[in-house]
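Work through these exercises with the model open beside you. Try each task before reading its solution.

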Amino acid sequence: MAIPRISPRKTLPLFAALALALAWAFAAPAFADGDDVVALTESTFEKEVGQDRGALVEFYAPWCGHCKKLAPEYEKLGASFKKAKSVFIAKVDCDEHKSVCSKYGVSGYPTIQWFPKGSLEPKKYEGQRSAEALAEFVNTEGGTNVKLATIPSSVVVLGPDNFDSIVLDENKDILVEFYAPWCGHCKHLAPIYEKLASVYKLDDGVVIANLDADKHKDLAKKYGVSGYPTLKFFPKGNKAGEDYDGGRELDDFVKFINEKCGTSRDTKGQLTSEAGRIASLDALAKEFLGAANDKRKEILSNMEEEVVKLSGSAAKHGKVYIAIAKKILDKGHDYTKKETERLERMLEKSIGPSKADEFIIKKNVLSTFSS
């Protein structure tokens with residue numbers, strides 16, 4: 001974030017200038033990671049709302065079912081208005097920031113209020129809770145003409161024409177939701193399931209899919225579906241399908257997929273510190289680290305033999321171990337420290353998700369070669 005230039009004056013002490021600059025920096029809107037909706041707090045609410053832009057604010061509670069149902073629509077709204085200069089879309093977690101919600105008369109969730117430019121006197125939104133209706137309201141109140149952004153879904157839509165080719169693919173692990181459009185529980189699950197698909201969108205071996213079981217009754221009957229939503233997991237080794245009986249929150253699904261598919265993601269889609277690690281190669285890396293140079297070449301040969309046995313993403317990760325071991329032989333053990341520091345600097349920059357995955361995996365493997 002650029003800090004505004006302050007003209008030097010003898011009457012303004014250095015510490016005062018720095019304080020002013022820092023205050024400005026911290027007053028800027030704070031977007032949550034991967035979120036196009038401004039997350040407001042007790043300390044930032046009146047620094048943002050009632051200033052030089054109009055604001056639509058959702059007061060919500062994390063446990064509220066109606067709020068969860070609204071979430072994908074509201075995020076779509078936030079993405080659409082992200083570049084608007086005269087209005088912004090915001091939210092307040094009323095479990096964490098009770099005083100703000102109390103101050104503005106919030107007694108149920110979600111409560112949506114419009115705050116005009118320069119005013120802290122809100123107008124309650126009473127319309128439909130769809131992105132289309134909300135966008136029309138904001139455009140009317142804020143004098144804007146913003147079109148709704150199209151956010152592509154990461155969930156694979158199944159039907160009779162593609163079910164077998166996708167679900168029965170022996171090279172992929174598939175989680176399938178059998179749902180009905182009119183089902184209340186399915187509607188509640190929809191935004192969570194969409195986030196789950198987004199978490200694993202970079203993992204080629206994992207597919208998060210759904211099937212309209214009301215429309216495709218024959219397929220639903222074939223797999224014993226009698227209620228909605230029904231979730232079935234089709235791993236590489238069992239294409240008959242297994243019932244998913246776990247929890248239906250995002251962290252429950254992520255834990256299940258990580259355990260069953262050997263992935264290492266958190267609920268934001270970031271790779272964990274275990275990503276790319278292979279136990280047998282970790283052991284050889286430790287052995288390599290403690291060996292004399294003449295012995296290290298022999299251990300490297302053992303690594304190469306071990307990697308030949310691997311397949312899929314494990315084989316790809318195994319090559320990272322070999323590349324690092326060769327670099328250490330060539331450049332010395334200081335290579336691990338310098339390369340780790342370089343990767344950390346790169347990860348702090350704005351890089352694409354695929355490149356971030358690559359850097360995190362290499363950084364994780366480097367850690368096994370560190371004392």
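## Exercise 1: The disulfide

Task: count the disulfides, and find which cysteines are joined.

Solution. Count cysteine sulfur pairs within 2.5 Å, the cut-off for a disulfide. The count by this rule is one disulfide. Cys94 and Cys101 are joined, with S to S at 2.0 Å. Now look along the S-S bond of Cys94 and Cys101: the angle about it is -90 degrees, and the link is left-handed. A disulfide is a covalent bond between two cysteine sulfur atoms.

The model is predicted, so its local features need pLDDT of at least 70, and side-chain atom pairs count only at pLDDT 80 or more, while totals for chains, interfaces and linings use all residues. Residues are numbered from 1 along each chain as its sequence is written, and side-chain values use heavy atoms, without hydrogens and water.

## Exercise 2: The sheet

Task: give the strand order of the open sheet of five strands, and name its edge strands.

Solution. Helices (H or I, at least four residues) and strands (E, at least two) are DSSP runs, numbered from the N terminus. Two strands pair if DSSP finds at least two bridges between them. The order is E1-E3-E2-E4-E5, and the pairing is mixed. At the edges are E1 (38-40) and E5 (123-124), each pairing on one side only.

Next, take one pair. E2 (residues 54-60) and E4 (residues 111-115) run antiparallel, joined by five bridges. Ala55 has Phe115 in E4 as its bridge partner.

## Exercise 3: Two helices

Task: describe how H12 and H14 pack.

Solution. Start with the axes, lines fitted to C-alpha atoms, for helices over the stretch in contact; angles run from 0 to 180 degrees between N-to-C directions. H12 (residues 312-331) and H14 (residues 353-368) pack at about 55 degrees, with axes 10 Å apart. That makes H12 oblique to H14. The classes are roughly parallel under 35 degrees, roughly antiparallel over 145, roughly perpendicular from 65 to 115, and oblique for the rest.

Then list the contacts (heavy atoms within 4.5 Å). His317, Val320, Tyr321 and Ile324 in H12 meet Ile361, Lys362, Val365, Leu366 and Thr368 in H14.

## Exercise 4: Cis peptide bonds

Task: where are Pro110 and Pro229 placed?

Solution. Most peptide bonds are trans. The bond from Tyr109 to Pro110 is cis, with omega near -10 degrees. Pro110 sits in the loop between H4 (98-103) and E4. The bond from Tyr228 to Pro229 is also cis, with omega near -10 degrees. Pro229 lies in the loop between H8 (217-222) and E9 (230-234).
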